[in-house]
2 protein chains.
Amino acid sequence: MSELLNRIRKTSLHSRIKNVEEVLPLFKDGMNLGWSGFTPAGYPKAIPIALADHVEKNGLQGKLRFNLFIGASVGVETEDRWASLDMIDRRWPYQTGKNIQAGINEGRIRMGDKHLSLFAQDLGYGFYTKDSGGRIDIGIIECSAITEDGGLILTASCGAVPEIVKIADKIIIELNTSVPNYEGLHDIIEPIDPPNRLPFLISRVDDRAGTPYVRVDNDKIIAIVESTHPDNGRAFSEQDDTSEAIANNIMDFFQFEVKNGRLPKNLLPLQSGVGSIANAVIGGLAKAPFTGLKVWTEVLQDTMLDLLDSGKLDFASTVSLSFSNGGFKRFYEKWDFYAPKVLMRPLSIANAPEPIRRLGCIAMNTPVEFDIYAHANSTLVGGTRMINGIGGSGDFLRNAYLSIMHTPSVRPSKTDPLGITCVVPKAPHIDHTEHDLDVLVTEQGLADLRGLAPKDRAQMIIDKCVHPAYKPIIQEYFDMAKKECLAKRIGHEPQLFDRCFKMQWNLAKNGTMRIDNWDVSINF
Amino acid sequence: MSELLNRIRKTSLHSRIKNVEEVLPLFKDGMNLGWSGFTPAGYPKAIPIALADHVEKNGLQGKLRFNLFIGASVGVETEDRWASLDMIDRRWPYQTGKNIQAGINEGRIRMGDKHLSLFAQDLGYGFYTKDSGGRIDIGIIECSAITEDGGLILTASCGAVPEIVKIADKIIIELNTSVPNYEGLHDIIEPIDPPNRLPFLISRVDDRAGTPYVRVDNDKIIAIVESTHPDNGRAFSEQDDTSEAIANNIMDFFQFEVKNGRLPKNLLPLQSGVGSIANAVIGGLAKAPFTGLKVWTEVLQDTMLDLLDSGKLDFASTVSLSFSNGGFKRFYEKWDFYAPKVLMRPLSIANAPEPIRRLGCIAMNTPVEFDIYAHANSTLVGGTRMINGIGGSGDFLRNAYLSIMHTPSVRPSKTDPLGITCVVPKAPHIDHTEHDLDVLVTEQGLADLRGLAPKDRAQMIIDKCVHPAYKPIIQEYFDMAKKECLAKRIGHEPQLFDRCFKMQWNLAKNGTMRIDNWDVSINF
């Protein structure tokens, strides 16, 4: 018997096995589609790639457009290629890829940007498709097996699968025989709508509160297609000196907190984003004197395998395995070592405020920039241009025991290596507010803002986080704003609305945010 | 036996009864104080008033200053009078009163503005007093009785009492014999720090998950002072035509949602703020065809008594009873009718994301203003001047099933009855982001933003919510911003940073936000 038949243990479903070509005619222009997948892992590949080929071959660009609802980003060979072929109308709630970003920022693709925990449940409530009766037409779910009772065993992520199968009229399974059977690595809680939802009985990162498979009305499964496409693994971000300096600042802070009794010796469950700073932080933990660590997060990168290897990390709960191709190889080769230490959960659980706050996570994320009062921009460069989306950063930063944002203090512009300061007087777009953030870190230092009022926060952020090239500029702004606003008795959080964006104007005009003075004359 | 002795059922505590004059010397300049109380109810009055008298009589203004940590605002005869006597250095996390606001906006009082659910737990973690070992010097707790085992029976609010008694070195009880014994009206869960916190086993608004009293180490109780001061009851906000039109828009929306199966017939647990719009909404519910209603909120106003009287409201969970003096009289007179239908919880439970999201609350709050992309300003008029604080609005709006903000479309300026639009191109301060809000309402109409991308949101907000006097002005801005940003391929959420605050500049210069055109010339 073939591996495909072996993996479909409910044999009555064998009759629904189809070739990819047979399912393509099911897809009609304007449909709402839900895919499995999360931060390129566990997404359907065979059908999306075949549909793209079909559009390209038949010149159907702009004539076969879909609304895509997926846990988060998926591989560029799927959604980004779809964007390049004008196959996407709406896209919720997060994406990556040059073509899809171009489509969004040029007004061709309508992207909705929502906290991931809310995305999952609002999708399940039918809010995003309320004009279609709250339904989606087709769900495409990558699985590694189907149980005797028709339960879906997912692959390298859980994403928003429970909600998608709940509201999908039809379901197509991509059964991926090129990956191992992931059975036992998932913990799925069926989404129950209020007012009948019950507590999530998770009080340790390794607690199981659900089932290892996704329950689904099997009558909805109209086709099972074999896939042999591997995930398009995430490339490894190299560390650099700046990232390492940031990580060192965070390690020093952790040790200080342990010493002062505000953190246990093994810290608290860690959430860490992706990219070079996150890698440096994980690298820092591997060298630091903390053992018995736990992780409660959305994505595991290759560095987490190192931390598991080191024996310092006990357990990791995640939404997805976002490994490089080499990372997946390692994971598969040492399956018996890694698998008992990892659990994947849907984002409606992993990102839910309930366990994040109960467990007391330490959240660490990178913004585009933050301002002197600790408002952070995570999504829109220059205040208008979408990069990826807010993702789960708000879920974690609002609910963590410690909410930490880290960024280099400066980035290069096209003409000035220090042309962009990541600490600004006023963030041009705000995703996380002053009410949410505890600690801000750059390679310059760490500002612990807990218990500080706005003006005290601002001075500490300037002192600790701002690059020396910008320190006098931003200090001058703050002093000026304080003086003018306090004189007018409106100075709880001083700002000067005729000047607060001068650095951004100067960047557009002169290629750098380094300004000579704060003089501005405005006529209107 | 006196009523005071009757109420202190643990008789060994009788020896700690003191006169208010005896405890005044315990208070030293620079101390951290925690008070019971929440949105003027259940706060200590005898000692704060006596301390103010002491400062006034002895000319100690500025020489006896305290850091005040209280669940939310308390009566003006206490904190606002303290502010007028320069008795407050730091104040966390919310306040009301002209003098305290003046102190904050003139830079004399340092206010920290935090989501109430986070305030409670961060206070308990010792974050706000970390320079003093995470402790507070004295907690002053208003009680209506003490049990045989020394449990504290609170009065008309729970506030942050469990966290305050946990970190207080010393506790003084104000036992208020002028109010009934509130025993049985509170449900207190002892705050346990991560990683050992357990689920809150609340899945209905009337579920009890704790004890009817606050457990406290009785050795910390250094004095019990009798108080006969009633709460300074909240004045009733009169309704007006604008509020009623807003409420009608919301009732129509609820009926539409029920009809479309997205809300059950008895709706979902309601959270409603304070003020005239909130009163109009509750009044609207009394007239609407919904029965079996439930409330999960922070404050109960007089109108909730009407709703209970009408038989349409089954049960209300709250942090405090924020009645007028007449409302308290009604409540006490019909105690046997009201008491079984009301439960008070600490804000670490009532405002926690966990029950709010599980129960699927409908959150309704009034901002200062919101912008065309659904970012809302709840705290700082003009972007810099503090009014009260964010309170629990973020706890509810981030976690509700439906997040609704309502405001009049315009407010008068000093010289123009339509001088201020509450829908602006860009909010000058942001407390709630586009990722949080579902529905925006003015007397003009209701914008249901679920499932809409930013530019679609903007058009709907302009169409439904903006006052006719401002519609052409804001439409012109949006069209112009869209055109310029899309041409530059940076148009996910178009803004023009050289003009976005022109209406605010015009208000400052010419007394109105009604501008003739969007022309601006800037030299820098």
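1. Starting with the annotation: UniProt, in an unreviewed entry, puts the feature "domain: Acetyl-CoA hydrolase/transferase N-terminal" at residues 11-226 of chain A. Keep in mind that what we have here is a predicted model. Over residues 11-226, chain A comes out as 23% helix and 22% strand, and the C-alpha atoms at the two ends of that stretch sit 15 Å apart.

2. Next, the domain split. Chain A is cut into domain 1 (3-227), domain 2 (241-471) and domain 3 (474-510). Between the C-alpha centres of domain 1 and domain 3 of chain A there are 47 Å.

3. On to the cavities. Searching the whole structure turns up 14 of them at 30 Å³ or more. The largest has a volume of about 150 Å³. Its lining counts 17 residues, and the ones closest to the centre are Gln121(B), Glu163(B), Pro191(B), Arg197(B) and Ser348(B).

4. Which helices of chain B each supply at least two residues of that lining? They are H6 (116-124), H7 (161-167) and H13 (347-350). H6(B) gives the most, with 3 residues.

5. As for chemistry, the lining of the largest cavity is a mix: 7 nonpolar residues, 4 polar and 6 charged.

6. Where does the largest cavity lie relative to the domains of chain B? Domain 1 (3-227) and domain 2 (241-465) of chain B both contribute lining residues, so the cavity lies between them.

Technical notes: Residues are numbered from 1 along each chain as its sequence is written. Chains are lettered from A and ligands numbered from 1 in the order in which they are written. This is a predicted model: local features need pLDDT of at least 70, side-chain atom pairs count only at pLDDT 80 or more; totals for chains, interfaces and linings use all residues. Side-chain values use heavy atoms; hydrogens and water are left out. Domain bounds come from an automatic or database domain assignment. On a 1 Å grid over the protein atoms alone, a cavity is a set of points where a 1.4 Å probe fits but cannot get out, and a pocket is an open set with protein on both sides within 12 Å along at least five of seven lines; lining residues have an atom within 4 Å of a point. Grid points are joined across faces, edges and corners, and a volume is the space filled by probe spheres set on the points. Helices (H or I, at least four residues) and strands (E, at least two) are DSSP runs, numbered from the N terminus. Ala, Val, Leu, Ile, Met, Phe, Trp, Tyr, Cys and Pro count as nonpolar, Asp, Glu, Lys and Arg as charged, and the others, Gly among them, as polar. UniProt positions are given in the numbering used here, feature names are shortened, and annotations may be inferred rather than shown by experiment.
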